Amino acid sequence: MPYEMILFEKEGPVATITLNRPDKHNAIHPTMEAELHRALDEADADPEVRAIILTGSGRAFSAGYDVARDRSGEQGNVLDPEKEEIADYLRHAWLRDREGPQNLLHIWHLSKPVIAAVHGWVMGGGLWYALACDITLAADNAVFGQPEVRHVSNTTFLFAALAGWKAAHRYALTGDHFDAAEAYRLGLVNEVVPADQLLPRARALAERIARVPEPSVVFNKAVTCYGLLAMGLGAGMLMNAPFSALAHGSFNSYRAGLLEAMRSGGLRAFLEARDGPFQPEPFGPKSTAR
């Protein structure tokens with residue numbers, strides 16, 4: 001079955017999966033996310049593939065989950081309960097959010113390592129996927145953040161697991177942007193490289209891994225991933241689901257005002273209303289006061 005929102009390429013022992021909605025900064029749509037996981041399984045099942053690269057097309061890795069989209073098969077924006085019963089709105093939030101930790105940990109259960117090669121905007125759900133990958137390389141133009149918390153949304157426990165809870169709170173409680181150097185300082189990425197060297201560097205590393213005997217790669221990845229799950233990280237990730245559903249279900253007058261801005265002026269107006277009060281950001285292209 002062909003892919004609609006990703007690109008899948010195989011060259012030698014390396015499979016490259018590219019998020020491919022460049023006009024939307026690769027915002028994560030349900031179809032894209034389903035295709036991503038299908039491609040990961042395809043690469044994992046291919047005996048010729050030894051390592052997987054995950055990247056994005058255009059000027060971003062991913063701007064995160066697509067907040068401008070309508071609910072699949074329903075009417076209305078995913079952030080807006082409109083005339084729904086509260087119980088129905090919470091149920092829809094739960095059905096979506098219970099899949100989030102499972103999707104991220106899917107990468108850990110693969111037998112082959114996944115190298116994230118990120119550039120440009122690495123926001124929200126895009127950041128979470130970058131954190132979940134086995135190795136993460138960042139271009140020097142990468143900008144990270146979880147600005148969705150500013151419209152009442154959730155973070156991921158993976159941030160605290162990698163950077164510590166104080167660093168996680170610094171960025172999860174503000175939605176502030178941070179650059180590649182800060183991501184490296186916090187331990188969220190393995191390496192920062194010039195943007196034009198990102199994919200060559202990722203491929204060189206993938207090919208280097210492919211030179212190691214396959215059983216060593218498979219079982220040493222498992223030592224780390226299953227060990228962390230056994231220590232309790234999996235339980236921490238499971239707790240993401242109910243609290244994420246509560247956050248998404250916490251519709252209030254503030255979010256209503258943001259959605260009214262979207263209805264009248266589109267996504268740009270929504271983002272201006274949401275993020276404008278936080279300008280300038282501490283890092284990244286919006287760190288200079290307008």
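This report walks through the overall build of the protein chain and then two of its helices, α3 and α1.

The model is a predicted one. Its protein chain carries 10 helices and 10 strands. A compact globule of 290 residues would have a radius of gyration near 19 Å, and the chain agrees because its own value is 19 Å. Along the principal axes, the C-alpha trace spans about 55 × 40 × 40 Å.

Some whole-chain values are gathered here for easy reference.

| Property of the protein chain | Value |
|---|---|
| Buried share of the 290 residues | 49% |
| Share of contacts (separation of 6 or more) made by residues 24 or more positions apart | 70% |
| Carbon and sulfur share of the accessible surface | 58% of about 13700 Å² |

As for charge, there are 28 positive and 35 negative side chains, and the centres of these two sets lie 3 Å apart.

Now to helix α3, which covers residues 99-109. Its buried residues are Pro101, Asn103, Leu104, Leu105, His106, Ile107 and Trp108. Among the elements covering them are α1 (30-45), α2 (86-97), β5 (114-118), α4 (125-132), α5 (157-163) and α9 (214-249).

Helix α1 deserves a look of its own. How far apart are the end C-alpha atoms of α1? They are 23 Å apart, which agrees with the 22 Å expected because 16 residues rise at 1.5 Å a residue. The buried residues of α1 are Met32, Glu33, Glu35, Leu36, His37, Ala39, Leu40 and Ala43. These pack against strands β1 (6-11), β2 (14-19), β3 (51-56) and β5, and also against helices α3 and α4.

Notes. Residues are numbered from 1 along each chain as its sequence is written. This is a predicted model: local features need pLDDT of at least 70, side-chain atom pairs count only at pLDDT 80 or more; totals for chains, interfaces and linings use all residues. Side-chain values use heavy atoms; hydrogens and water are left out. Helices (H or I, at least four residues) and strands (E, at least two) are DSSP runs, numbered from the N terminus. The radius of gyration is taken over C-alpha atoms; the globule rule is 2.2 Å times the number of residues to the power 0.38. Buried means under 20% relative accessible area, exposed over 50%, partly exposed in between (1.4 Å probe, protein chains only). Contact means heavy atoms within 4.5 Å. Accessible areas come from the Shrake-Rupley method with a 1.4 Å probe; for residues, only the protein chains shown count as cover. Lys and Arg count as positive and Asp and Glu as negative; His and the chain ends are not counted. The place of a charge is taken as NZ of Lys, CZ of Arg, CG of Asp or CD of Glu. The expected span of a helix is 1.5 Å times one less than its number of residues.
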